[in-house]
Structure formats: structure tokens, C-alpha cells
Protein chains: 2
Amino acid sequence: MKKFINQPDQVVRQALVGLAAAHPGLRVDVDQQIVVRADAPVAGKVGLVSGGGSGHEPMHGGFVGPGMLDAACAGEIFTSPVPDQILAATQAVDGGAGVVHVVKNYTGDVLNFQLAAELAADESIEVRTVLVDDDVAVEDSTWTAGRRGTGATMIVEKIAGALAAEGAGLDEVAAMGAAVNEASASFAVALAACTTPSAGKPGFTLGDDEMEVGVGIHGEPGRRRELIRPAHEIVAMALDAIRSAKPVAAGDHVIVLVNGLGGTPLIELYLLFGEVAGALSGAGVDIARSLVGTYVTSLDMVGMSITVTRATEEMLRLWDAPVSTPGLRWS
Amino acid sequence: MKKFINQPDQVVRQALVGLAAAHPGLRVDVDQQIVVRADAPVAGKVGLVSGGGSGHEPMHGGFVGPGMLDAACAGEIFTSPVPDQILAATQAVDGGAGVVHVVKNYTGDVLNFQLAAELAADESIEVRTVLVDDDVAVEDSTWTAGRRGTGATMIVEKIAGALAAEGAGLDEVAAMGAAVNEASASFAVALAACTTPSAGKPGFTLGDDEMEVGVGIHGEPGRRRELIRPAHEIVAMALDAIRSAKPVAAGDHVIVLVNGLGGTPLIELYLLFGEVAGALSGAGVDIARSLVGTYVTSLDMVGMSITVTRATEEMLRLWDAPVSTPGLRWS
């Protein structure tokens, strides 16, 4: 294993030290592994908290800031944060209007966020949970009952975060998050596995001409392993899976995310987006907004995911609202 | 070779198709491989044009937009753009106040931009050239006489671009670009080589425990090959090289870029930045601004570079000025 690290068991902690040094707009508790926007809690605003295992950067800590998350809890790599940590984040951002937890659908995350929500209720903080389960590749997987939560998480965080920033109430923000998830579907393909610092070797092995179709963001198996194909065929396959699960029709407006999993260069992501744009335009679907880059990752995995969100006018308006975080910024 | 592409000789062109589809604020000439801000030319404003071989995305096409570049010329992968292409870009952005060419110091780029500047002069467009040669790893290298141009290029483009946006004159913008280059030094380390689509195999081979110290952004050899070391030692070595070439002292204000070369995940870049911040703060140097991410790349190379720019108050003010490009945005 070759990585820019010191010791495998210090990676998350030392990356948080760097995050804190780089972004004075964040308050980083390195010991508790919590990232909070510096001006939290914002009185009267619904707080948004997310988190999960580390290794998916910039998600979630990089999405903390005005217009998106109020706090993120960083677990160890590919390991859920613990209830006390999530409770502390929830308390730190509670401005009296309640807190929404954005939770990716992995069994550990679901359980620990649920426990934290119960602990928060004991402290008289109302919590609503938005479960994200957008990955249509497989039903049930390593660490997951049901569909996995992947790329749509950042779209949920952006849009629900914008609504919270406008002063909407707890139920309204949670309902919008759920609606975005419901309107979203993702599909990922890997060309090479990632290596966790603790394991020191790739999580799986692909042949020189193979790809993992429907891979999860921790390297969970997908639908099948097959020979690599040209980009336009891979895109067609991913869009078929996405549109079978969540139909989008001519005239629909969508947000498209073409996302790198960590080890894939931007030139390939733009090439893939060109194929997605051609395919969807050809079907009469309007790509109203798009994002091409490396946002929801799996350490150094060579791969990409495509997320399509069928967006209402309200979702598009909230997508366009100002956001100022390390990982996503247009204000 | 496993990449998300269709045909090796269509990669640049098809990535530009995707860039155009993703960013309506850009005018992309796919045939000529030129990316221009949609509202160019801006009357009375000095135009900024850069370019070079593709494979360094988001540089340069991703840095086109208000506050930074007016146009970028994309060569084939790791191949200089041609003079006619550079001339066309120069003409497209000339608003009557002249055009600054930002050129990384590689022999082909230098020659072709010089020819284009002469052709532009024939068309009565005044051109000034800012040569970027910030990579202090080696003197002379594959494709280069003198030092190579790397990470500082984007800092030059940001700061000179901001000055041009304010309406400064041609000589002033060029002088600021040159001053930023003069104040900057970079150093890169690779853990694994990149693979160009045309070659289909890595440009060099490192052992399982080796790193290339002082690597160039096309995989050019560095100072030496040695056993991989902990991140803090790699950072210390890079900062020593940087500070030997361009001294920074206690009390100085610097802009620091910790940059991924394409295949290195963000969690490692933040960890590295934490080490840089610790080392410079320990030496009394003020990191006034910083940027951590994947900006100046070498396809899928696993590696990182550190750039330190000793900044004047004026440079910091221009760094903070609004910028709105696909790859860098804070307005």
C-alpha cells in the first residue's frame, strides 16, 4: 500500500486537522471527529446533520457550511459514527427549530443515527430523519438492507440545506429531503478497487480487462463483473438501470451528477457527462442542472457514478440557492 | 489500460463535448479545441489566454470564466496546442486592450505561444507573455529547458485574471502574473505513474514501496526515486526544496496549494495540508490563503504537489476577488 499518510489508524484524525487548518469557516472537533459550521447554532433555523464512515470525501465534512449541512460526523474509514458523536453534533447545531439527520442507508449508520435521535429527544431536541437509498444497482448488499445510499446524498443535502437556510420548518425540510431521495437514482461502475489504510490491500481484484458493474461506495459487489466496454456503452447501461428504477420521460427536468469515485480523472468524467447529455437529450429529457466532479468517493477507487434526480421547479430553485462549503460553493 | 473512454484518439474532443454540455457559461469550439468565456471579448478588458497539453484538468479549460481566464487552448494529451489555435483564442478574447498569454515552461508550448503572439501582432493585437516555471525539483527536464511550469500556473491565472477583471492595463496584468510566478515554488511527489490513452500503459514503473521525488506533471523524472516515507517526512522534504529555491521567512504571508495529481483522494490531501500547515506555522510563516484539492493534474497519476506563493497584500486582495469558473468559484 502506498498512500500519503503517517499511520493507518491516524488518517481520519490527521485529515480533520488539515480540514480545520484549511477552512476557518468550520469548527472542527478533532477528538470527537465532528465538523460544525463556525456560526452554529443558527437561532431559529432547522439544523442539518449528516455523517457516516470516512473515505467518501468531500462528503460529508466538505459539505458543511451556509446553505448545506450544519454539521457532519466522521466515523473511522468505512465505519459508522457512534451515537454519542451524532448526539453531540445534533446538540451543537440545534437552534431551537429541530434537527434533520441525513442518513445513508447502511445498517450501522441507520442504527446509530436512530439511537442518537432518541438521545436527542431526551434532551428535548426534535429530530427528523431523511434516509437516502438511491443506489439502484442492488437490493440488499454488504452492510445494507435495501438499497444503498450514495451520490444522491449530496443532492439531498444541497436542496434540503437551502430550504432550511430560508427558514422552513422541520417537517418541511425533512419532507423535501425525502422527496429528493425519492426522485433520485444512482448507478456506479468501478475499474479498480480502493485500498483502506487498515487493510493495506485492495478490497477486491479485477482482471486487466474487467469492470465491476453496480459497485457500492465501499467496494461492495455490484450486479455482475464483466469485460470493460466503451464509455458510451457503460453510460447506456447505467442510464437503463437508473431509468428502469426511477422513470424519467421526455419533458422531465433532471439534475445530473457525474461523480468520480476518487481515482478517476476529470477528463474522463467530462467525457462521460457528454455521453449522458447526449443520451438524455436524445430521449427528450432536459438536463436542467448538472455537476461533474469528484464529490462522493470511495478513497482511491477508480470508478464513477451517475445520479439522476427528477427535479421539480422548487428543487431547481433550491439547487440554485447560494451555498458556501469547502466542497460545493456558488456564493 | 482501463479508462472511461471510447477511442484513445477521441478523448480530448469528447471531453470538450461534455465540458460544453455542462457549462453554458463557456463557448467551446470542439473542432479547434478552444474554450472561451461566453461573453468574450469583453470590450476594454485585457484578455487572458492559457493552454497546453490536455490531461491536466481542470486546468486550463476549467479555469475559463469571469475573474480568471478568457480562453484556453486544449492540445492533445500532453501535447502543445498549435499556433493557429492559440491565435484563434487570442482573437476571440481581444477586447482592444491586448492579451496576456500564460504559458507553462515547456519547449513546445513556449515556441507555439511565441509564434501565435507574432501572428497576433500581425493582426494588431498586442500580446504579453507570462512564463510560469515554478517547479523547483529540477533544472531542465524532458520537454523543458529550465524549470517546469506546474501548480503555480493556476495561482498566476487567478491573480492576474482578477487584476484584468478590474480593468488594469496590459503591462500591469503581465507584470502581476510574472510577479506571482517569481514568488512561487512547487514540488511534486508521485506514488504511481499516469497512463496516457495513446500509450495504454504507465509512463514509468515504481516498485511497491517506491516514490518518485520531484516528478513532473507529465511523469517526467524527478530528483530521485526512493522508498516511500510517512506523509510528514514527504512534506518536510518538499518544503525544504521549495524554501531553498524561494525563501519564505517568519512573518511572510503565503498562499499554499496542496494539489492532487489525479488519482490521490482528498482525505490524503487534507492530511498533507495539515502537515504543511504545522510545518509553516512552526516556522512563523502565515498561511494567509490555502487551497486543497485536485486542480493541476497528470491524468490518473497518484501523487501530489505543494505550491507556496509568497504573497503581497495586493496578491491576497486579488486572490479573494470573485471568480466564477467550472474549476474554481467563489462568487
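Q: Which residues of H6(B) are buried?
A: In this predicted model, B:Ala231, B:Ile234, B:Val235, B:Met237, B:Ala238, B:Leu239, B:Ala241 and B:Ile242 are buried. The word applies because buried means under 20% relative accessible area.

Q: What covers the buried residues of H6(B)?
A: The cover includes three strands of chain B that come before H6 in numbering: S7 (184-192), S8 (210-213) and S9 (224-227). It also includes helix H7 (266-282) and strand S12 (302-310) of chain B.

Q: How do you know that the reach of helix H6 of chain B is close to the expected one?
A: Helix H6 spans residues 231-245 of chain B, 15 residues in total. From first C-alpha to last it reaches 21 Å, and 21 Å is expected at 1.5 Å a residue. The expected span uses one less than the number of residues. The reach is therefore close to the expected value.

Q: How many aromatic pairs are there over all chains?
A: The count comes to two.

Q: Why is the pair of A:Trp319 and A:Trp330 called tilted?
A: The centres lie 5.5 Å apart, and a pair needs centres within 6.5 Å, so the rings pair. The planes stand 55 degrees apart. Stacked needs under 30 degrees and edge-to-face over 60, so this pair is tilted.

Q: What makes this a link between distant parts of the chain?
A: A:Trp319 sits in helix H8 (residues 313-320) of chain A, and A:Trp330 in the segment after H8, 11 residues apart. Both A:Trp319 and A:Trp330 are buried.

Q: Why is the pair of B:Trp319 and B:Trp330 called tilted?
A: Its values are 5.5 Å centre to centre and 55 degrees between the planes. That angle is neither under 30 nor over 60 degrees, so the pair counts as tilted. B:Trp319 and B:Trp330 are buried.

Key:
Residues numbered from 1 in each chain as written. Chains lettered and ligands numbered in written order. Predicted model: local features only at pLDDT ≥ 70, side-chain atom pairs only at ≥ 80, totals over all residues. Heavy atoms only, no water. Helix = DSSP H or I, 4+ residues; strand = E, 2+ residues; numbered from the N terminus. Buried < 20%, exposed > 50% of the residue type's maximum accessible area, 1.4 Å probe, protein only. Contact = heavy atoms within 4.5 Å. Phe/Tyr/Trp six-rings, centres within 6.5 Å; stacked < 30°, edge-to-face > 60°.
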